[in-house]
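Hi everyone, thanks for letting me have a slot today. I'll put my protein up on the screen, and then we can walk through it together.

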Amino acid sequence: MKNEIDSKFILQVFETIRLQGEKKGEGYFLQGIEASSDFDGYTLFLQDAQVQLSFGFHNQYHFDYEKEEHLEQFILKLKAIKPSKSD
């Protein structure tokens, strides 16, 4: 699987989790995904138990995972999260 994902999609998922998810500590949880950011908000994180996505400046992102199947399952979880109607 190519590690190419649309940056707008990442931001939409993050915002949906932030708005609709349950706040626990520094993060928000929705449908098995945690959304959080670093202390200054410049780097966003989306993660489950097996994959972490870091998203930062200039729309650069990095996936951290052990198995390709974990990444595939993670992407499916992200796609299952419906964008918020905040417009």
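Before we look around, one bit of vocabulary: I call two rings of Phe, Tyr or Trp a pair if their centres lie within 6.5 Å, taking the six-membered ring for Trp. Planes over 60 degrees apart make the pair edge-to-face. With that rule, we get three aromatic pairs here. Do keep in mind that this is a predicted model.

Let me take two of those pairs. Tyr61 and Phe63 sit edge-to-face, with 5.8 Å from centre to centre and 80° between the planes. Is Tyr61 buried, exposed or partly exposed? It has 25% relative accessibility, so it counts as partly exposed. Phe63, on the other hand, is at 8%, so that one counts as buried.

Phe63 also pairs with Phe74, again edge-to-face: the centres are 6.4 Å apart and the planes make an angle of 85°. What I like here is that this pair links distant parts of the chain, because Phe63 belongs to strand 6 and Phe74 to helix 2, 11 residues apart. Phe74 is buried, with a relative accessible area of 0%. Put the ring pairs together and Tyr61, Phe63 and Phe74 make a cluster.

Now, the core. Which residues touch the most other members of the largest nonpolar core? Out of its 20 residues, they are Ile17, Leu46, Phe63, Phe74 and Leu78, so two of our ring residues, Phe63 and Phe74, turn up again. Helix 1, strand 3, strand 4, strand 5 and helix 2 each put in at least two residues. Helix 1 gives the largest share, with five.

So let's stay with helix 1 for a moment. Its 14 residues should span 20 Å at 1.5 Å a residue, and the end C-alpha atoms are indeed 20 Å apart, so that agrees. Its buried residues are Ser7, Phe9, Ile10, Val13, Phe14, Thr16 and Ile17. They pack against strands 2, 3, 4, 5 and 6, and against helix 2 as well.

Two more rings before I stop, this time with a charge over them. Lys23 lies over the face of Tyr28, 4.9 Å from the ring centre, and Lys24 does that with Phe29, at 5.4 Å.

Last thing, how confident is the predictor? The average pLDDT for the chain is 91, and 92% of the residues score at least 70.

Note on methods
Residues numbered from 1 in each chain as written. Predicted model: local features only at pLDDT ≥ 70, side-chain atom pairs only at ≥ 80, totals over all residues. Heavy atoms only, no water. Core = buried A, V, L, I, M, F, W, Y, C linked by side-chain atoms within 4.5 Å. Buried < 20%, exposed > 50% of the residue type's maximum accessible area, 1.4 Å probe, protein only. Helix = DSSP H or I, 4+ residues; strand = E, 2+ residues; numbered from the N terminus. pLDDT = per-residue confidence, 0-100. Expected span 1.5 Å × (residues − 1). Contact = heavy atoms within 4.5 Å. Phe/Tyr/Trp six-rings, centres within 6.5 Å; stacked < 30°, edge-to-face > 60°. Lys NZ or Arg CZ within 6 Å of the ring centre and 35° of its normal.
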